[in-house]
Amino acid sequence: MKQSLKVKFLFYITALIICAMSLTTVVAYFSSKGAIHKAITEQLSQLAISTANQITFWIHDRKQDLTNWSGQQLYQTSLEDSYLGRAARESASARLKKEIQNYKYYESLNLANTQGEIVSSSDENSIGKINIVAEPFFQEALKDNNHLTSIMKSPVTKKNVFILSVPVKRNEVVEGVFYGVIDVDFFNALFITPIKIGLTGYAYLIGPDGTTIAHPDKEVVYNVNIQSFDWGREMMKKNEGFITYTWKNVEKIVFFKKNEELGWFVAAAAGTDEIFAPVRRLQLINILITLIFILVAIISITALYGRIILRPMDYLMEGIAGFGRGELDKKIELTTGDEFGALAGTFNKMAQDLKKTTVSRDALVKEIEERKRLENIVLQSEKMAAVGQLAGGIAHEINNPLGVVLGFSQSVVKRLSPGDPLEMPLKSIEREAVRCKALVQDLLTFSRTGKASKEETDLNRLVESSLSLVLAQAKVKNVELLKELSLNLPKILVNENQIQQIMVNLCNNAMDAMSQGGMLTVRTRRSSWKGKEALEIQVQDTGQGIPAEIKAKIFEPFFTTKEVGQGTGLGLSLVYEIIQKHEGQITVDSTVGKGTTFSVVLPLNISSP
Ligand SMILES: Nc1ncnc2c1ncn2[C@@H]1O[C@H](COP(=O)(O)OP(=O)(O)O)[C@@H](O)[C@H]1O
Ligand SMILES: [Mg+2]
């Protein structure tokens, strides 16, 4: 679980970094690509345009050369068909030879008469041998026009050349033609090969028919006609512009411009790969930076995770586990000030709330126990009421026949003469009948407790008179009687007869519990009960005590631990019933082997007398 949280963190942050960096990379890539593209295309177009201009100027300069020469006396004289003319031709040829040494791009410089015969030339082999009367450049010059041919094979050297021709005039009359043959290779070396664009960029020249005139790659020159390519045809349709094409597996971006005068195209080309190399480098750097960022992020997150998350979390979990074990007083001491601190605070508060609930829960349990106890009491009194009714009915029915039995047995006993053999059985009948009568009387008292009238009574006097009833029995049972009666007790509203019954019953039970003799202590004192003034009677013995398991049952009617004929189990239930009627309480405190104390609390005044 810990691991997965860390992985999640890392995943999200890495994803975020990658997203952000890719975005900047893409933006940087496109903007730098745009900038570089713009810069390179500007460079290309400027180069092509300036080269085209240079060529134009250069051609103009050459025309100017030829025009200058054509005006020179020596060449004009050489055209005369005279002795002087023929003599001048030789020196003219010599001078022309010298000129081409100065101007290396001329393959030859020639002077032709109006018949097309070459009269003077830098190349003496062509003198008198070649006739150019059919050549357009000758015809044009004869018509007093300057002319520039397209590329052609030199009839002399078979090299690629172009020819510039000008008329030779005297007094506005064309007397011959002066023409220069310009070696294209020289031209190439002058304008095209020196041009370097970046590492692989270059310039080239295309003739009006699409033939490559000049190119750094010698194999291409004269061998490639761009009209055989789509891009070439497109290029030739326009006068200038950009074009992109693939040449020898390399993509090129090219700016071209047509030289109107020559009909030639000057093109400046560069490899797109090379152009955009810096952009790719930038991209690479970006990716590298991204990777470094991710690495740093992973390292720092791992480190921070331990410090900021793992440790406080362990601490929190430990604390919560403590709460789980019930250590609600142990606070989680976490003062990081962040969410973990807040969480710890929340848990601490929760623990305190939980503690409160636990306390109130304990109170609830107590309340429930109390209610159970009260329910038991109600059940008890209901049972008693039922028993009371039953017992009352039976007792009433038995009482009269018993009176008859007792009356007759007593009268018969009286009439017996001493020594009569019937004396023993008759006396037994009388004795048992008396016992039955007492039992029936108990039952009747029990059933009639509610109706008994109450009067203001001196409790001490009542207790004394009750004790006199058990005094004889105490002597027999070897029980010492001790009275601890508080003086000046207020009068109490009770049914004397019933209180006497309580005393007799409690004392009889006490004496029954002290089979080996002992001490019977009776106390009276002031007390209070349910916020009311009350008196308390205690009957304490040093008898066998009441085992815990039967303690709850002793007040039930007919519950007895005594042998048949010894106890009825009605004593304490009667006591209980009487005390209920007096709105008092009886409690018992007993230790097995040591003794028992019954405490009876009776309020001075009761609500329903
Ligand atoms: N002082 C006492 N010491 C020990 N046990 C007592 C004492 N008082 C009552 N008991 C127990 O309570 C039972 C019920 O008493 P009671 O209702 O008077 O009936 P009985 O005396 O007829 O048995 C007794 O059988 C006895 O086990
Ligand atoms: Mg009894």
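Strands β15 (residues 518-529) and β16 (residues 532-541) run antiparallel and are joined by 9 bridges. The model in which they appear is predicted. Both strands belong to an open sheet of 5 strands with mixed pairing. This briefing covers that sheet, the surroundings of ligand 1 and the nonpolar cores.

**The sheet**

- The strand order is β13-β15-β16-β18-β17.
- β13 (479-485) and β17 (585-591) are the edge strands; each has a single partner strand, so one side of each is left without a neighbour in the sheet.
- From one strand to the next, the twist averages 15 degrees.
- Helix α12 (residues 496-513) packs on the sheet, where it touches β13, β15, β16 and β18 (595-603). The direction of α12 makes about 30 degrees with that of β16.

**Pairing within the sheet**

- Arg526 has Leu535 in β16 as its bridge partner.
- Leu535 also stands opposite Leu602 in β18.
- β16 and β18 run antiparallel and are joined by 8 bridges.
- β17 and β18 are likewise antiparallel, with 7 bridges between them. Here Gln585 stands opposite Val601 in β18.
- The hairpin of β17 and β18 has 3 residues between the strands, and Gly593 in this hairpin takes a positive phi near 90 degrees.
- In β18, 7 of the 9 residues are buried, so this strand is largely enclosed by the rest of the structure.
- Strands of a sheet pair through backbone hydrogen bonds, which can be parallel or antiparallel in arrangement.

**Around ligand 1**

- There are 20 residues around ligand 1, of which Asn509, Ala513, Thr560, Gly567 and Gly571 come nearest.
- Helices α12 and α14 (571-581) each supply at least two residues of this shell.
- The largest share, 4 residues, comes from α12, the helix that also packs on the sheet.
- By type, the shell divides into 6 nonpolar, 12 polar and 2 charged residues.

**Nonpolar cores**

- The largest nonpolar core has 62 residues. Ala48, Phe178, Leu205, Val266, Ala267 and Ala268 touch the most other members.
- Helix α1 (residues 2-70) gives this core its largest share, 9 residues.
- Beyond its neighbours within four places in sequence, Ala267 is in contact with Ala48, Ala203, Tyr204, Ile206, Val254, Phe255 and Phe256.
- A second, separate core has 35 residues, including Leu459, Ile492, Ala534 and Ile579.
- In soluble globular proteins, nonpolar side chains tend to be buried together.

Notes. Residues numbered from 1 in each chain as written. Chains lettered and ligands numbered in written order. Predicted model: local features only at pLDDT ≥ 70, side-chain atom pairs only at ≥ 80, totals over all residues. Pairing = 2+ DSSP bridges. Axes fitted to C-alpha atoms, helices over the stretch in contact; angles between N-to-C directions. Contact = placed C-beta atoms within 7 Å. Near = placed C-beta within 6 Å. Nonpolar A, V, L, I, M, F, W, Y, C, P; charged D, E, K, R; others polar. Core = buried A, V, L, I, M, F, W, Y, C linked by C-beta atoms within 7 Å. Buried ≥ 20, exposed ≤ 12 C-beta atoms within 10 Å, placed from the backbone.
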